[in-house]
Amino acid sequence: MDRLMPICEKKYSPEKVELIKRASDFARAAHEGQKRESGEPYYTHPEAVAVSLAKMDMDADTVAAGLLHDVVEDGEGITVEKLTELFGEDIAGMVDGVTKLTKTGNASDLQTREDRQAENLRKMYLAMANDVRVVIIKLADRLHNMRTLGNCSLEKRQRIARETLDVYAPLADRFGMGAIKAELEDLAFEHLYPEEYRHLCSLIEPQQNERMRLLNSAIKTIVSALDQAGIKCEISGRRKHMYSIFRKLKRNNKGLSEIYDLVAIRVIVGTVNDCYASLGVIHSIWKPVPGRFKDYISMPKTNMYRSLHTTLFSEMGMPFEVQIRTQEMHRTAEYGVAAHWLYKEGKARPDELDSKLAWVRDLLNYEGDADSTREFIENIRKDFFSDYVYVLTPTGEIIDLPAGSTPIDFAYRIHTNVGNHIQHVKVNGALVKLDHKLRTHDVVEIITNQQSSPGRDWINYAKTSQAKTKIRQWFKKANREENIVRGRDMLTEAAKRQGKKLADLIKPEFCAPLLKRFTLNDIDDVYAAIGYGGMTTGQVLHRLMEEYRKAEKAAELEQRLQEKEEQRESFDEQGRGVVVKGQHDMVVHFARCCTPVPGDEIFGYITRGRGVSIHRKDCPNAETLMLDVERIVPVEWVTDSTHTFPVTIHVISREKAGIMMEITQLLLSLHINTKYLNAKSAGSKVDISITFDVRDSLQLQNMIRAIEKLDSVELVERTNMIHA
């Protein structure tokens, strides 16, 4: 609280500060007694995440979600529904998006760590497509975990560092969060490759003082020159982060002396015009390195990064890089999408951020195209988080594609119909083949023809999983009639294995929810999808059977209600009741020849003048009564009856002083109302008859078992006799 609240009080309204306080108190209580591996109270972690989010100027709801991000996963009995009730859907949805599946119901189905990791990533990506703040919270969470990773075991450190390098650093880069990406990479590098890290440090250190002198001297020169030109600026120096150097050395097989941006100067000015004016001033002082100028202002990266980059030769012969940008560009370079967060109190047009994040919505399409979670994750990694090239449409729109992509990938990224109907492709005005590898700054023009369609070899030319999937779908859908027949036959067989006829399952009311779920027009679309592999018989049959069972249950309920309306309870003189099926308001009595009690299987016998007589099915007279079939009626016990029924048991015991006292005390302890008790001596045995009242056959059986446990008792049995 001490670190967080002073920051929040300067940024948010009193109502929002109160919200954050409530979230803080809730998180403290949820994590009470929990410790981090360092021994610190666990709450220090969500607090650190919330501080990072507040410093990024995220909205108050996101800061609150940062405080609560682990309470479902690590708290006792806390659910997303509970958070919704306390903090609203907005905050609860973000917490759910970053919560692993261990507390959301699916983890037990996942056998391996890799499966669990893939499913957790899938959950996060889909939540991110719904609300991008999820990924900002997750990156702040991962950053603090990486900063405190030293307290974990070696195996855990390396596992988390590898995941950070493979998943979270590329994620930060894709969202333009450069400062977080650089720190995540360097921290992961140090834990994952400790020897290489130490070796690189030893290579860089000898000349580091000289580089810093160069940096400080150049900064003074630039400040003076821009001041004379009337350009106000903020200026700072930095050294390139370690993992970036490591990658360049490894990827390009270069020496350290061939890397020109080991040190860089950032010049922050007021306007875009000042950026280009500053570039002219700086180029008048030092000679630029040929081919090392990059204008990311006129052509921004797809992760929203904008800046001018130029590499210069210093007087000392050592090259250095200068980056020139506005304050807004600088904030975007550091925090990416977080710097552009516009939420409800936003500072710019809402559609501005939305257009820059249009690619995130494409993640939802990838889920439907993948056959498994692992394939879904791998497709996203290849298409969105690998090295990529930037190509342009003829109108200047920038399209980012994985390195190695071809015009086919470009066309399908624009629209499925553009890809399906490619006739010719021009790159930079010249016709090229479809397997042509695109490069950054290529201008790509697709000429389409509705008569053109994908060729069988296209799938080999395509780089992205999106394009490959669309090409496969074309060939699957091209033979629609054949697929309909195949799909119908497959579903018929699947239904038969479930003991159902397909005709009974494809009634319009059963199909409607299925068609709506998969956005299909009619049942033929379903058959076709099964036929070409777009849907499985299991997916379809599960939903059809679900609707079929609902209809069955509804019909059963209606029938029961109708039967209940038709059947009324009938009672004897003492108010004890049964349901006589098909009869109304019948007089009933319970036969003394078998003394039925609730729980016994019973039947009704229509007597002459006395209504219906109720007998046990094992009544001594049952066989004779059953011969008169027309007078037999089905009956059921009234389930909520509180009445009692008389019953008699026969007990045989060895002669023993006090046996009657034992039985009497036992009956009293069981709250049995005894109506008759008689005992006779027969040699060394005692023959005892007891008549008493019970609620049902279960109480009778419990009482019989209790008497059987008495030491001297040899036999206990129910009789049909009733003693008044």
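What follows is a walk through this predicted model, from the whole chain down to its helices, cores and sheets.

Let us begin with the overall picture. The protein chain has 724 residues, and 47% of them are buried. Its secondary structure consists of 31 helices and 22 strands. The accessible surface of the protein chain comes to about 37300 Å², with carbon and sulfur atoms accounting for 48% of that area. If you take the contacts between residues at least 6 apart in sequence, 64% of them join residues at least 24 apart.

A good place to step inside is helix α2, residues 14–30. Its 17 residues should span 24 Å at 1.5 Å a residue, and its end C-alpha atoms are indeed 24 Å apart, so expectation and model agree. The buried residues of α2 are Val17, Leu19, Ile20, Ala23, Ser24, Phe26, Ala27 and Ala30. Around them you will find α1 (4–11), α4 (60–68), α5 (71–74), α6 (80–87) and α7 (89–98), against which these buried residues pack.

Now turn to helix α3, residues 44–55. From its first C-alpha to its last, α3 reaches 16 Å, close to the 16 Å expected for its twelve residues at 1.5 Å a residue. This helix is mostly covered, with ten of its twelve residues buried. The buried set includes polar or charged names such as His45, Glu47 and Ser52 alongside Val49, Val51 and Leu53. The cover over the buried residues of α3 includes α1, α2, α4 and α9 (133–147). After the helix comes Asp57, whose phi is positive, near 65°.

The packing here leads naturally to the nonpolar cores. In soluble globular proteins, nonpolar side chains tend to be buried together. In this model the largest nonpolar core has 77 residues, and Leu4 and Met177 touch the most other members. Beyond its neighbours within four places in sequence, Leu4 is in contact with Ile20, Glu47, Ala50, Val51, Ala54, Val63 and Leu67. A second, separate core holds 34 residues, among them Met586, Val633, Ile663 and Ile688.

Let us move on to the strands, starting with β2, residues 263–269. Seven of the seven residues of β2 are buried. What does that look like on its two faces? Val263, Ile265, Val267 and Val269 are buried on one side, and Ala264, Arg266 and Ile268 are buried on the other. Strand β1 (residues 233–239) pairs with β2 in the antiparallel sense over seven bridges, and in this pairing Arg238 stands opposite Ala264. Strand β6 (residues 319–326) also pairs with β2, but in the parallel sense and over six bridges. There, Arg266 of β2 stands opposite Gln323.

Further along, strands β7 (residues 388–392) and β8 run antiparallel and are joined by five bridges. Val391 stands opposite Ile399 in this pair. Five residues lie between the strands of the hairpin, and Gly396 takes a positive phi near 95°. Four of the five residues of β8 (residues 398–402) are buried, so this strand is largely enclosed by the rest of the structure.

Next comes an open sheet of three strands in the order β10-β9-β11, with antiparallel pairing. At its edges are β10 (430–431) and β11 (444–448), each pairing on one side only. Strand β9 (residues 422–427) is joined to β11 by five bridges, with His424 and Ile447 as bridge partners. Helix α20 (residues 407–414) lies across β9 and β11, running at about 75° to β11.

Our last stop is another open sheet of three strands, in the order β12-β13-β18 and again with antiparallel pairing. Why is one side of β12 (569–571) and of β18 (635–637) left without a neighbour in the sheet? Both stand at the edges, and each has a single partner strand, so the other side goes unpaired. The twist averages 40° from one strand to the next. Looking more closely at one pairing, β12 meets strand β13 (residues 577–580) in the antiparallel sense over three bridges. Within it, Phe571 has Gly577 of β13 as its bridge partner.

Key:
Residues numbered from 1 in each chain as written. Predicted model: local features only at pLDDT ≥ 70, side-chain atom pairs only at ≥ 80, totals over all residues. Heavy atoms only, no water. Pairing = 2+ DSSP bridges. Helix = DSSP H or I, 4+ residues; strand = E, 2+ residues; numbered from the N terminus. Axes fitted to C-alpha atoms, helices over the stretch in contact; angles between N-to-C directions. Buried < 20%, exposed > 50% of the residue type's maximum accessible area, 1.4 Å probe, protein only. Expected span 1.5 Å × (residues − 1). Contact = heavy atoms within 4.5 Å. Core = buried A, V, L, I, M, F, W, Y, C linked by side-chain atoms within 4.5 Å. Areas by Shrake-Rupley, 256 points an atom, 1.4 Å probe, with all protein chains shown as cover.
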